Amino acid sequence: MFEEVTELNDCTVVIIEDSPLTQKVLTACLDDMCTVVAFEGAEKAIDYIKLALPDLILMDWMLDGLTGIDACKELQKDPITAQIPVVFVTSNIKENQQEMCWDAGAVDFISKPIVARTLVNRVKTHLKYKKQADQLREYSYVDGLTKAFNRRLFESDLEKHYRGAKRAEHALSVIMLDVDYFKLYNDEYGHLMGDDVLKHVVKSVKSHIRRPMDAVYRYGGEEFVILLPSTPYDSAIKITERIIKHFFDAKIEHKHSPFNYASISAGVATYNAQSHHESAASLVQQADDALYEAKHGGKNKVCGANR
């Protein structure tokens, strides 16, 4: 079942444990296998989890302040953090207490005192299940033609990044891209060559966005959208200008374009702590409005909503 999941060093495990000794033991057992981030209390841990979205949470049942049960319930309220498996690390507890853990959303227990080999094997199993589930979700979210992500994943990622940006007061830039005169291109050269143009759009984008959280999505037809978390407006404009130039420099012949080659236009909008976007949808609408301005202002260019 896990043949394709061999590396776990890119996984992150959050430990929530108020005993310094137990926290040290858990960390020592796991830090050769994956990244480990430890917290003594659940409140700060939850803030981190909602932003970082780790792969697994190991949590004590009894914590000062917010209990492990309440923390687990809090994570289950959010459909995004609800996908992160929670394993309680605790002394043997009664059956009714175990029922409370299952009801709160836990996926497993690890007993104290810690047996290193049992801990490592349990964590490996849950991380492999999590990675495999993430891979399956990713496959279902990829556009078959262009290999960009699809609109379904975009809507999920947009809401996640928007809430994260508001919570942390970070920037979030949205870029809308559209191929200029695409219908005329298809009419002249055929849909197969039109498909190649769309693939080249994604290739141009991916050559200029390299951070793990940056992503390009096929929004519909010849339109694409890029999400750039923690990217201010000026940086997003520069990235977009480079993408447009990279695509145009490929010199894909287009007889019915005034530029003689295929080109793309783009619109950029950025959320920041000073902006007044009422929702993630309003941010996308601003980027789309800026794209409309670029399309009607000469094409083969970028316009921004934040200028």
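Hi everyone, this is a short walk through one protein model, from its sheet to its helices and then on to a hairpin. Please keep in mind that the model is predicted.

Let's begin with the sheet. Five strands make up an open sheet, and their order across it is S2-S1-S3-S4-S5, with parallel pairing. At the edges you will find S2, residues 35–39, and S5, residues 108–111, each of which pairs on one side only. From one strand to the next, the twist averages 20 degrees.

Now pick out two strands of that sheet. S3, residues 56–59, runs parallel to S4, residues 86–90, and 3 bridges join the two. If you want a landmark there, look for Met 59, which stands opposite Phe 88 in S4.

How many of the residues of S4 are buried? The count is 5 of 5, so S4 is mostly covered. The general rule for a regular strand is that side chains alternate between the two faces of the sheet. You can follow that in S4: Val 86, Phe 88 and Thr 90 point one way, while Val 87 and Val 89 point the other way, and all are buried.

On to the helices, and H3 to start with, at residues 68–76. Its buried residues are Gly 68, Ile 69, Ala 71, Cys 72 and Leu 75. Why do these residues lie on the same side of H3? Because they cover an arc of only 165 degrees around the axis. As general background, an α-helix has 3.6 residues a turn, so residues three or four places apart point the same way. And what do the buried residues of H3 pack against? Their partners are helix H2 (42–52), strands S3 and S4, and helix H4 (95–104), which brings us back to the S4 we just looked at.

Next, a pair of helices. In general, two packed helices are described by the angle between their axes and the distance between the axes. For H1, residues 20–30, and H5, residues 116–140, the axes come within 10 Å and cross at roughly 60 degrees. The crossing of H1 past H5 is right-handed. On the H1 side, Leu 26, Cys 29 and Leu 30 make the contact, and on the H5 side it is Ala 116, Leu 119, Val 120 and Val 123. By type, this contact has 7 nonpolar residues, no polar ones and no charged ones.

Let's move further along the chain, to the hairpin. Strands S7 and S8, the latter at residues 223–229, pair in the antiparallel sense over 5 bridges. Gly 220 has Glu 223 in S8 as its bridge partner. There are 2 residues between the strands of this hairpin, and Gly 221 takes a positive phi near 60 degrees. S7 is largely enclosed by the rest of the structure, because 5 of its 6 residues are buried.

Have a look at Asp 214 too, in the loop between helix H8 (191–206) and strand S7 (215–220). Is Asp 214 buried or exposed? Its relative accessible area is 12%, so it counts as buried, the cut-off being under 20%. Beyond its sequence neighbours within four places, Asp 214 touches Ile 209, Leu 227, Leu 228 and Pro 229.

My last stop is Leu 172, in strand S6, residues 172–179. Leu 172 is buried, at a relative accessible area of 1%. Its C-alpha atom is 6.9 Å from that of Pro 232, though the two residues are 60 apart along the chain. Setting aside neighbours within four places, Leu 172 has contacts that include His 161, Leu 228, Pro 229 and Tyr 271. Thanks for listening!

Terms used. Residues are numbered from 1 along each chain as its sequence is written. This is a predicted model: local features need pLDDT of at least 70, side-chain atom pairs count only at pLDDT 80 or more; totals for chains, interfaces and linings use all residues. Side-chain values use heavy atoms; hydrogens and water are left out. Two strands pair if DSSP finds at least two bridges between them. Helices (H or I, at least four residues) and strands (E, at least two) are DSSP runs, numbered from the N terminus. Axes are lines fitted to C-alpha atoms, for helices over the stretch in contact, and angles run from 0 to 180 degrees between N-to-C directions. Buried means under 20% relative accessible area, exposed over 50%, partly exposed in between (1.4 Å probe, protein chains only). The arc is that of the directions from the helix axis to the C-beta atoms. Contact means heavy atoms within 4.5 Å. A crossing is left-handed if the near helix is turned anticlockwise from the far one by less than a right angle, and right-handed if clockwise. Ala, Val, Leu, Ile, Met, Phe, Trp, Tyr, Cys and Pro count as nonpolar, Asp, Glu, Lys and Arg as charged, and the others, Gly among them, as polar.
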